Amino acid sequence: MSEETVTFTINDEEVVAKKGATILDVAREKNIWIPTLCFHESMEPEGSCRLCLVEVEAFGRRRMVTSCGYPVEDGIKVYTDTEQVVESRKVVAELLLARCSENEKIIEIAAKLGVDTTPFTKKTEDCMLCGLCVQMCHQKMKIGAIGFVGRGSERKVTTPYDKYSQTCINCGACELICPTNAITAFGNSGKKPVPHGKEFEENLATRGNIDIPFPSAVPLLPSIDRENCVRFQVGGDACGVCSETCPAGAIDFAQGDVERELDVGALILCPGLDRYDARARGELGFGRWPNVISSIQFERILSASGPYQGHVTRPGDGKHPRKIAWIQCVGSRDNHNANPWCSSVCCMYATKQTVIAREHDSNIEPTIFYMEMRAFGKEFDRYVDRAKNEYGVRYQRAMVSAIREEPGTGNLVLRYSKENGEVLDEVFEMVVLSVGFQPHEDAKEFAKIAGIETNEYLFPKTSQFKPVESSRPGVFVTGIYQGPKDIPETVMQGSAVAGGAMALLGEARGTEIIEKELPPEKDIVGEDPRVGVFVCHCGINIASTVDVARVVENVKDEPGVCHCENVLYACSQDTQEKIKAIIEEKKLNRVLVASCTPRTHTPLFQETLRDAGLNKYLFELADIREQCSWCHMGKREEATKKATTIVKMTLAKVNNLQPVRTDSVQVTPAAMIIGGGIAGMTTSLALADQGYDVHIVEQAGKLGGLALGVYRTLDGSDVQAFVKSRIAEVEAHPRIKVHLGVQVKNTDGFVGNFKTTLTDGSSFEHGAIVVASGGVEYEPTEYCYNDSDKIITQRELEKRLESEPAKSGESYVMIQCVGSREEPANYCSRVCCQDAIKNAIRIKENAPGAQVTILYRDIRTYGLREDYYKRARDLGVFFIRYDVDKKPEVEVSGDKIKIKTFDYMLDREISMAADHLVLSTGLRPHPLTDKIGKQYKLTRNADVYFLEAHPKLRPVDFASEGLFMAGLAHAPKNLDETVSQALAAAGRAGVLLSHVSLAVSGVISKHNRDICMSCLSCFRICPFDSPYIDEDGKVSHNEVKCMGCGLCAGICPAKAFQVNYFRDDQILAMVDAYGDEICPLP
Amino acid sequence: MEPIKNLEELQSLRDRIVAGRDENQLLITVCAGTGCLSNGSAKVAAALKEELDAAGLKGRVELKTTGCHGFCERGPIVVVEPAGILYQAVGRKKLEKDVKEIVESLAEGAEPVERLFYKDPETKKSIRGYEEIPFYAKQKRVALRNNGIIDPTRIEDFIARGGYGALAKALQMTPEEIIATLKESTLRGRGGAGFLTGQKWEFCRRAEGFPKYIICNADEGDPGAFMDRSIMEGDPHSVIEGMLIGAYAIAGGQGPIQGYVYVRAEYPLAVQNLTTALKQAKEYGFLGENILGTDFSFDIKLNKGAGAFVCGEETALMASVEGRPGLPRTRPPFPANKGLFGKPSNINNVETFAAVPVIVDRGPDWFKSVGVDRNGGTKVFSLVGKVNNTGLVEVPMGTSIREVVFGIGGGIQGGKKFKAVQTGGPSGGCIPESLIDLPLTYEGLMEAGSIMGSGGMIVVDEETCMVDVARYFLKFVTEESCGKCVPCREGTKHMHEILERICAGEGKEGDIETLERLGKAIAATSLCGLGQTAPNPTLSTIKYFRDEYEAHIKDKRCPGGVCKALITYRIDPDACTGCGVCARNCPVEAISGEKKQPHQLDASKCVKCGACREKCKFGAVIID
């Protein structure tokens, strides 16, 4: 050992240090302050600033040396604060201050040395020529773009000949390492700074070459941008600063892409879509005018964690804009430089953005420039109305033809024409371009790899009947890759593809599971607590604020503590092994880890305990990062005290921890489907294929539902054939039992264990319920529907066209939104625009001489349906817009129907005579919806459609466990969407039914019937109906239903309820422990 | 040419060369050192050759050029042997006549050309012989032993005078013995710091790592100093031989070693003569593989520096050799352990190496006996300034300043009063008259606030302003500071600024104290020797001539009459004869007056150029 250490003195105190260490290293370790400026840990000591001078006596000579580069030697005497040292440093500080008289860092360090003025002539340089930047550029980055030129006082850092540097790679390392912030904006390279835009912030913020892509990235780890990292750019051992500084040694430059082969039974493609690049629309000025931004950028601007902390701010000058314009259909519904389809989402997100913008800043005046407001989703129209009426959002039906910047102001002049042709220029302070979706650049290659066919736009080919199946069996597609759609549909289709794939893989289910073998749990009951305490540095996250060693010191002698130490990263794999070993070695029976956050890390440590044979509830985590170090940065003393308090409080609880048993209940592997339409049948088939028994309960006498009246899809597919084949499949399936002409009488039990009795008296057990009770068509009363057989509905027209093709010379007028988008049914029925266009195309294809005019409010051919809208126009179908305030007037006049309406383009009223008036009637909820709702306590919305648990995140789940929904019972939708949702319900229900048993959390309320007074407080407050009145008339507790929320424990006057793991004695012990600590929380 | 394989072959070669020479052969040597060359010695040599040919003496009289004799003040120097007659200032005024008469004097019975003899300024007597001239008589030439005697381009001349004999002797010793000899001799580095050469070699020998490097620091940078240049020009083989011995002492029997000579490109003749010498040494087998038949191998590369003063600092020099900017670095690690290319390296200067062969040859005791305690041997000084005989002088260590300035230098020009001598160049300090008997030793000079340095010696008379001297040297170091470390870069700049101000009559109360405080701090905190010694001229002048500083600051007066802002010229009407020379020479027509009447000087027009004062034969121009 003596060979590796040296003994010497610092300020006459004997010190033993590692050989090879410098005086500065040792002094820092001993907390002896030595000022430095030009020193940096990752660089060779330059010794140029001369601030770190100390006196050294060696070999009989005493002299001044720079401590940063002087290796300690046996027997030397080091003095860090002699009169000469102090005086010399002062003079150096005065010289530095003279050179850099206005530099904050120099002023700061000079002040630390007691120097606030300088007797010498002042200059205002920032660079003190320490050379760290040059060293960095040459030695670390291996670039050599900057260097010193000139001698003596002429010396400066620059590029060769002070010229633009071809060599500089703009890595910014020079700027980073400069101790006096003298290098800004890469001033030395002559290059304009082009920092990497942070992709997640849509380039409104910048990022480094090592970055966590976004706050919820999985895995939530930083990665290196190889395209820009100097190491990979320059090659060899360039830079590497990250690996030198990472205390965990986590940097591995050798890591790269790995090719793996997987055997799978199904392939699900969900690569999503790319976004349209608005720069292609040069006239809108995106990329040229800084205050023209994309909608995605605006999304980030609105985000509280975004580049401007949620303040609506112009990127150009940081001002808060008042007048903001949104321009719709940028990159969508446009054959020129853009995409022909409708992206389906932009109308709603623009509306949402205007509303949120107004909520952030009520001075904002939003205007949306649009062609058609496609608010076709569930409750979307109501939302748009609210935007208009409550938030004052102005909807301007116009396309903007050009945007230019107003010189000097950064404001933008928008040119557009009104419907009547009047051209206007209007000034806005910011413009948001609502950009649409488009397939990824490599979509063709991607499809080729997967072996699937695509349509002309490179979306995968799917059918209305099988929306998640690609052209290749076993390869599924889902999400917006399948076609543009909003979040609810995407989530729904995500579940649908799971349902579809599970049906395919039904037989193989469970065959690849490897059960983890765990040691038996040790019985620790009755043992005195033997607690292991591990205090984590969390790298620098905790340790830079909290003195973790001192926390260990403060806690190690507390009662119950058998082992106490600090660890660099408690969550690392090797620390887990260490904890297991120490549990074994010291016979620990409880563990406390003081670290980051229980939210993500408690399960990890619990698993470690379980691996070591301890019940997982014998663990507790003391949060000293998020509740201490992060919120008390810079207050080391107080934070250390608080951390100690937190650990001691947690320890008090840990000493009182007891093992908790986790129960489980069996699951009946069967489902009941209410409704035998397309939705019900699709769900049933998928679940049955997964291997579960299915009961279809259909109140009508036959299967098929509303689809029985539909003949063609928009793309011309035969719906009747599809319905028939579905019915045949259902009837033939051995696992499906169809109950026709009956309804549910009642259902008992709970999730996984239902028992249903039908009106015919039959009963069966099942684990899940899918409500697919469907909807009905609206029967119109308006537009003289009942006055003439020339006035029919679209459905009636469709049926007639099947047998009676249209004839040349006939004139058809269609009126949209009949019974929709108006109170009392103020929602879009979603199907009518397509039905009208479908029928119009059919008429024009059969009889080009026939005339078709469609009176509409907004044509809502969303997604790829837009093609048919275009086709209809190409075929010569007339589209005339009407407004809800100026609805068409209809009059039956002999053989003809006379229709009057206001034409906004002509700016006057027009009238026409038609042979047929076709009313596009909407959808309504099924009359049974209300009944079923009441039966199962399921919430309905204002339009009496079932309400999902969460419109975006859980669109097919009911709030109640074990119940799911599909089809029109949820909301109006197209056939393909119904199929998707039905598959989704099968997917969701399948997940539930696949469990042999359901684990019930150990953290539940325990009821002590002996001391319960049956006051019913718990019964009333429990949101999960778990307390019940038993056969004795007293309160009992159904633990299976209990979610452990603790309301009962809080309200029970007798304290008959105690929540496992949060028992009163545990909480009180924590409170007592805090009381013991005199330290007030900072 | 077959390389020499052993001592016997060397001896026989020397014998052959000496045998081929006639001691009575008439020989004319013309100094071709840079000093004489600039005074026209090349023309003298050419004219002599022509004249000899014309006189039909071709072949009968040998004509050769040599290195510097040191008496540069009196160049071009021509010596006629074997009579040992020294002619000085040959051809300065009348080239043809001088040459003709010298050739004529060679005739049997002809008298030497007396008018070209050196005339003692005091006794006014002409001195014919080299040895009798006080300038030479009082010197002890060890490092300069061959200078002015041999033709530096001819290795045979060197060998004839015993050259490479010391190498042969050294190769028969063990490296340890050589190091012991060197240590015993108390030879100390002639470049400045005066570190014991033997010890330095020993450090390097003990260091681990190969190849090792031995470097000759020939980056002589002090203004006015040219001893190293003269040695390289006049006797390059002595340096090579010294390096060879050093290389053997450091790495002999251990592993490979490579030599470098780092010479400034501003010394073209030195580069040329060294290049020639290296080539010759290689041909004779003194350099290369298996030197003199031993298993010791060594070679030397010549590295031309661009002339930065700081490159004389060893770490900066090594950086420069490596191809990096010549910037010093912190020590440790010391070059002996981690030097050139990160390998153990040893650096000595030219004069040090030149002395080595003599020590090996004549033994350490002899060398020690030449000097005084711990200061063995001789030191070459370049004696310049207001002294009569400027030039290179080599004296035993411990010789007094008085002996050098008055004994050899012949006193102060114009009979003026000696004021001080500045030694050690920009890194050195001023020694005042009160210390004129100070023996020239490393310790003595250090105590007096100066340094030995490389041997610059500037004599200063009463008409010199000491503040101006300090200002001059500070200007030099601010320009030559590499700028790496803060105190040297920034501190010297501020010191210079203050001195400029004082010289401009804008000195303030407290300036002297600031200079002292700053100077001490710069000395204590600078990274390398340049900065550490940069304040010496200022601090030593403040120490010995504080009154002059005070006169500048408080009385706004320059006692030396140098600082223009503080002086006025006036014509003494009593002394003025009205000759009008002053008026004619005044560039700004500030002087007027009637013929033969005392003239007047208009102070408002005067730019203080001093032309009038210089030209006035009657001392009528007076500085107030």
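This passage describes selected features of a predicted model, from the make-up of chain B to local details of chain A and the salt bridges.

Chain B contains 24 helices and 19 strands. Of its 624 residues, 60% are buried. Contacts that are distant in sequence are well represented in chain B: among those between residues at least 6 apart, 70% join residues at least 24 apart. The exposed area of chain B is about 24,400 Å², and 49% of this area is supplied by carbon and sulfur atoms.

In chain A, helix α15 was examined in detail. This helix spans residues 598–611, and the 14 residues cover 19 Å from the first C-alpha to the last, close to the 20 Å expected at 1.5 Å a residue. At the start of α15(A), a side-chain oxygen of Thr597(A) comes to within 3.1 Å of the backbone nitrogen of Arg599(A). Beyond the helix, Gly613(A) follows with a positive phi, near 85°. The buried residues of α15(A) are His601(A), Thr602(A), Phe605(A), Gln606(A), Thr608(A), Leu609(A) and Arg610(A). In an α-helix, residues three or four places apart point the same way, because there are 3.6 residues a turn. The packing partners of the buried residues in α15(A) are α14 (573–585), β26 (590–595) and β27 (619–623) of chain A.

A second region of chain A presents nonpolar side chains at the surface. Phe1019(A), Tyr1028(A) and Ile1029(A) make a nonpolar patch of about 260 Å². Phe1019(A) belongs to helix α25 (residues 1017–1021) of chain A, whereas Tyr1028(A) is part of strand β49 (residues 1027–1029). Both residues are partly exposed, Phe1019(A) with a relative accessible area of 34% and Tyr1028(A) with 37%. Although Phe1019(A) and Ile1029(A) are 10 residues apart along the chain, 8.3 Å separates their C-alpha atoms. Apart from neighbours within four places in sequence, Phe1019(A) contacts Pro1027(A), Tyr1028(A) and Ile1029(A).

Thr853(A), in strand β39 (residues 851–856) of chain A, is buried, with a relative accessible area of 5%. Excluding neighbours within four places in sequence, the contacts of Thr853(A) are Tyr812(A), Val813(A), Met814(A), Phe878(A), Ile880(A) and Met912(A).

Several loops of chain A carry notable backbone geometry. The peptide bond between Val218(A) and Pro219(A) is cis, with omega about -5°, and Pro219(A) sits in the loop between β10 (210–211) and β11 (223–224). A cis peptide bond also links Glu823(A) to Pro824(A), with omega near 10°; Pro824(A) lies in the loop between β38 (811–818) and α21 (832–846). Positive phi values occur at two residues other than glycine, namely Asn31(A), near 60°, and Leu458(A), near 75°. Asn31(A) is located in the loop between α1 (23–29) and β3 (53–58) and is exposed, with 73% relative accessible area. Leu458(A) is located in the loop between α11 (443–450) and β23 (475–477) and is partly exposed, at 25%.

Over all chains, the whole structure holds 122 salt bridges. One of these joins Arg830(A) and Glu489(A), with an N to O distance of 2.9 Å. Arg830(A) is in the loop between β38 and α21 and Glu489(A) is in helix α12 (residues 487–504), so this pair ties together parts of chain A that are 341 residues apart in sequence. Both partners are buried, Arg830(A) at 6% relative accessibility and Glu489(A) at 16%.

A further salt bridge connects Arg550(A) with Glu637(A), whose closest N and O atoms are 3.1 Å apart. Because Arg550(A) is in helix α13 (residues 548–555) and Glu637(A) in helix α17 (residues 636–655), the pair ties together parts of chain A that are 87 residues apart in sequence. Arg550(A) is partly exposed, with a relative accessible area of 30%, and Glu637(A) is likewise partly exposed, at 43%.

In chain B, the side chains of Asp53(B) and Lys49(B) form a salt bridge (3.9 Å, N to O). The two residues are four apart in helix α3 (residues 41–54) of chain B and are therefore separated by about one helical turn. Asp53(B) is partly exposed, with a relative accessible area of 33%. In chain A, Asp381(A), Arg397(A), Arg821(A), Asp858(A) and Arg860(A) are joined into one network by salt bridges that share partners.

Definitions and conventions. Residues are numbered from 1 along each chain as its sequence is written. Chains are lettered from A and ligands numbered from 1 in the order in which they are written. This is a predicted model: local features need pLDDT of at least 70, side-chain atom pairs count only at pLDDT 80 or more; totals for chains, interfaces and linings use all residues. Side-chain values use heavy atoms; hydrogens and water are left out. Buried means under 20% relative accessible area, exposed over 50%, partly exposed in between (1.4 Å probe, protein chains only). Contact means heavy atoms within 4.5 Å. Accessible areas come from the Shrake-Rupley method with a 1.4 Å probe; for residues, only the protein chains shown count as cover. The expected span of a helix is 1.5 Å times one less than its number of residues. A polar contact is a pair of N or O atoms within 3.5 Å; within protein, one must be able to donate a hydrogen and the other to accept it, and residues adjacent in sequence count only if both atoms are side-chain atoms. Patches are made of residues with over 30% relative accessible area and no salt bridge: like charges are joined within 9 Å, nonpolar side chains (Val, Leu, Ile, Met, Phe, Trp, Tyr) within 5 Å. A salt bridge is a side-chain nitrogen of Lys or Arg within 4 Å of a carboxyl oxygen of Asp or Glu.
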